[in-house]
Amino acid sequence: MPQSLSVLHIEDDFADAMLLQHALCDAGGYDMELQVVRTLRDARFKLSRKTYDLIIADLRLPDSTQPSETVSLLERQAKGTPILVLSGSAGVDLQSTGDQVKFLDKNDFLNKDIDEKSHELLFWVKSTAQGPSENVVLDDSSGTYEI
């Protein structure tokens, strides 16, 4: 049995957190331990006590005033852990972020057509957790995805 992927999800919107969890489970992400926190403060607490394989974060959190501030704080706290920003918000200079950060627009994945996008979302989660690599390609019945 493969080792479970340990994921910290930072999301203050309960509905979005549940949508992500359901999308990953529907896509076959059963080998995943997903812990959800609502604030950067709670995330710092969790990160100080446990190592995760991946951090998934929204940009707009109650204790973060700017999206770029959210990313920079997470990069410092993550200590090399890959970060997947899954947010409908913009406002981050992508050139100033490190290699450990990948951005996806949650509106592409968490909407009423979620069944069609669940496998792609699971792919992004697992490939981001594996860290930066060149030309990772998944070709399946739902499409071809290339990083």
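**Entry 1: a term before I start**

I call a residue exposed when its relative accessible area is over 50%, and buried when that area is under 20%. I keep in mind that this is a predicted model. With that settled, I looked at the outward side of helix 1, where F14 and D26 are exposed.

**Entry 2: the rest of helix 1**

Which residues of helix 1 are buried? I found D16, A17, L20, A23 and L24. Looking down the axis, I saw these buried residues fall within an arc of 130 degrees, so they line one face of the helix. The reason for such a pattern is simple: an α-helix has 3.6 residues a turn, so residues three or four places apart point the same way.

I also checked the length of helix 1. Its 13 residues should span 18 Å at 1.5 Å a residue, and the end C-alpha atoms are 18 Å apart, so the two agree.

Then I went to the ends. At the N-terminal end, D13 caps helix 1, with a side-chain oxygen 2.9 Å from the backbone nitrogen of A15. Just after helix 1 comes G28, which takes a positive phi of about 100 degrees.

**Entry 3: E11, just before the helix**

Is E11 buried or exposed? I looked it up: E11 has 3% relative accessibility, so it counts as buried. E11 sits in the loop between strand 1 (5–10) and helix 1 (14–26). A polar atom of the E11 side chain lies 3.0 Å from the backbone nitrogen of D13. So far, then, I have D13 as the cap of helix 1 and also as a partner of E11.

I listed the contacts of E11 too, leaving aside neighbours within four places in sequence. They are D16, A17, V36, V37, R38, D58, L61 and K106. Two of those names, D16 and A17, I had already noted among the buried residues of helix 1.

**Entry 4: the whole chain**

I stepped back for an overview. The chain has four helices and seven strands, and from the N terminus on they run β-α-β-α-β-α-β-β-α-β-β. Of its 147 residues, 42% count as buried. I also looked at contacts between residues at least 6 apart in sequence: 61% of them join residues at least 24 apart. The accessible surface comes to about 8,200 Å², and 47% of it belongs to carbon and sulfur atoms.

**Entry 5: the nonpolar cores**

Which residues of the largest nonpolar core touch the most other members? Out of 18 residues, I found L24, M32, L54, I56, L121 and V125. The elements giving two or more residues to this core are strand 1, helix 1, strand 3 (54–57), strand 4 (83–86) and helix 4. Helix 4 gives the most, with six residues.

A second, separate core has 17 residues, including A57, L59, A78 and V85.

I followed M32 a little further. Not counting residues up to four places away in sequence, M32 touches S4, L5, V7, L24, L122, V125 and K126.

S127 belongs to helix 4 (residues 114–129). With 6% relative accessibility, S127 counts as buried. Its C-alpha is 10.0 Å from that of L54, although S127 and L54 are 73 residues apart in sequence.

**Entry 6: helix 2**

In helix 2 (residues 40–49), I found L40, A43 and L47 buried. They cover an arc of only 55 degrees around the axis, which puts them on the same side of helix 2. What covers them? The cover includes strand 1, strand 2 (32–37), strand 3 and helix 3 (67–78). On the face turned away from the buried side, I noted R41 and R49 as exposed.

**Entry 7: two loop residues around helix 3**

S64 lies in the loop between strand 3 and helix 3. S64 has a relative accessible area of 9%, so it is buried. Its side chain makes a polar contact with the side chain of T70, at 2.4 Å. Setting aside neighbours within four places in sequence, S64 is in contact with L40, L59, E69 and T70. L40 is familiar to me from the buried residues of helix 2.

K79 lies in the loop between helix 3 and strand 4. Is K79 buried or exposed? At a relative accessible area of 69%, K79 is exposed. I also noted that K79 has a positive phi of about 50 degrees although it is not a glycine.

Notes: Residues are numbered from 1 along each chain as its sequence is written. This is a predicted model: local features need pLDDT of at least 70, side-chain atom pairs count only at pLDDT 80 or more; totals for chains, interfaces and linings use all residues. Side-chain values use heavy atoms; hydrogens and water are left out. Buried means under 20% relative accessible area, exposed over 50%, partly exposed in between (1.4 Å probe, protein chains only). A polar contact is a pair of N or O atoms within 3.5 Å; within protein, one must be able to donate a hydrogen and the other to accept it, and residues adjacent in sequence count only if both atoms are side-chain atoms. Contact means heavy atoms within 4.5 Å. The expected span of a helix is 1.5 Å times one less than its number of residues. The arc is that of the directions from the helix axis to the C-beta atoms. A nonpolar core is a set of buried Ala, Val, Leu, Ile, Met, Phe, Trp, Tyr and Cys residues joined through side-chain atoms within 4.5 Å. Accessible areas come from the Shrake-Rupley method with a 1.4 Å probe; for residues, only the protein chains shown count as cover.
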